[in-house]
Every structure is written in structure tokens, then in C-alpha cells.
Amino acid sequence: ARHLAGLGAKVTVFLSASPEEAKGDAAVHFKPLSWCNVRLLEVSSPDFERAIAEPYHLLCDALLGTGAH
């Protein structure tokens with residue numbers, strides 16, 4: 001997400017959990033998002049349903065990360 005934002009893409013990241021719950025690699029890679037022009041939206045947010053209905057050029061599922069077994 002941050003690399004796409006760095007190239008000028010309009011990026012929205014939908015969070016399945018609050019940022020405070022991130023651990024390990026997820027926490028390491030999440031922190032730089034706060035320095036980028038990336039829109040962060042938790043699925044529990046009232047704006048989620050409206051935002052997910054917006055048109056997107058790319059959708060990437062990253063629910064499972066390096067810690068999945």
C-alpha cells in the first residue's frame with residue numbers, strides 16, 4: 001500500500017482489526033502507513049459500507065501474513 005501511495009496512487013486500506021492489535025511483521029509494516037498518504041479504515045467504522053462500494057482498480061487480500069500456519 002505504501003509503495004503504491006508513493007507512486008501517486010489513491011490507496012485505501014481496510015483494517016480487519018484495530019492498529020493497536022497488530023503484532024510482529026504486521027506491526028512493523030503498518031507503522032509506515034501513518035507517514036504515507038494512505039486512507040485507513042477499520043471494518044467496524046460507520047464509513048466502511050460506503051467506502052467498500054467505491055470503485056477500485058485493484059483489491060488485494062492480505063488477511064493472512066507471514067505468521068499464518
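**Apart from residues up to four places away in sequence, F30 touches L15, P19 and L40.** Here, a contact means heavy atoms within 4.5 Å. Please keep in mind that this is a predicted model, in which local features need pLDDT of at least 70 and side-chain atom pairs count only at pLDDT 80 or more, while totals for chains, interfaces and linings use all residues. Residues are numbered from 1 along each chain as its sequence is written, and side-chain values use heavy atoms, leaving out hydrogens and water.

**The fold at a glance: three helices and two strands make up the elements of the chain.** Helices (H or I, at least four residues) and strands (E, at least two) are DSSP runs, with numbering from the N terminus. Following the sequence, you will meet them in the order α-β-α-β-α. Of the 69 residues in the chain, 19% are buried, where buried stands for under 20% relative accessible area, exposed for over 50% and partly exposed for values in between (1.4 Å probe, protein chains only). Taking contacts between residues at least 6 apart in sequence, 67% join residues at least 24 apart. The chain exposes about 5700 Å², and 59% of that comes from carbon and sulfur atoms; these areas are from the Shrake-Rupley method with a 1.4 Å probe, and for residues only the protein chains shown count as cover.

**A close look at the largest nonpolar core shows seven residues: A5, V11, V13, L15, F30, L33 and V38.** Strand β1 (residues 11-15) gives the largest share of this core, with three residues. A nonpolar core is a set of buried Ala, Val, Leu, Ile, Met, Phe, Trp, Tyr and Cys residues joined through side-chain atoms within 4.5 Å. F30, met in the opening view, belongs to this core, and so does L15, one of the residues that F30 touches.

**Strands β1 and β2 run parallel to each other, paired over five bridges.** Two strands count as paired if DSSP finds at least two bridges between them. Look for V13, which stands opposite L40 of β2. β1 is mostly covered, with four of its five residues buried. As a reminder for viewing, side chains in a regular strand alternate between the two faces of the sheet.

**L41 sits in strand β2, with contacts to V13, F14, L15, D47, F48 and A51 once its neighbours within four places in sequence are set aside.** With a relative accessible area of 8%, L41 is buried. F14 and L41 are 27 residues apart along the chain, yet 4.9 Å separates their C-alpha atoms. I52, in helix α3, lies 11 residues from L41 in sequence and 9.9 Å away in space, C-alpha to C-alpha. At a relative accessible area of 39%, I52 is partly exposed.

**R39 and E54 join their side chains in a salt bridge, at 3.2 Å from N to O.** This pair links distant parts of the chain, 15 residues apart: R39 belongs to strand β2 (residues 38-42), and E54 to the segment after α3 (48-52). A salt bridge is a side-chain nitrogen of Lys or Arg within 4 Å of a carboxyl oxygen of Asp or Glu. By this rule, there are two salt bridges. R39 is partly exposed at 29% relative accessibility, and E54 is also partly exposed, at 23%.

**D47 meets R50 in a salt bridge between their side chains, at 3.4 Å from N to O.** D47 has 34% relative accessibility, so it counts as partly exposed. D47 is also among the residues in contact with L41, so this view goes well beside the one of that leucine.

**On the surface, L4, L7 and L58 form a nonpolar patch of about 350 Å².** Patches are made of residues with over 30% relative accessible area and no salt bridge; like charges are joined within 9 Å, and nonpolar side chains (Val, Leu, Ile, Met, Phe, Trp, Tyr) within 5 Å. You can find L58 in the segment after α3, where its 60% relative accessibility makes it exposed.

**A62 is placed in the segment after α3.** Its relative accessible area is 61%, so A62 is exposed. The C-alpha atoms of A62 and F14 lie 9.9 Å apart, with the two residues 48 apart along the chain.
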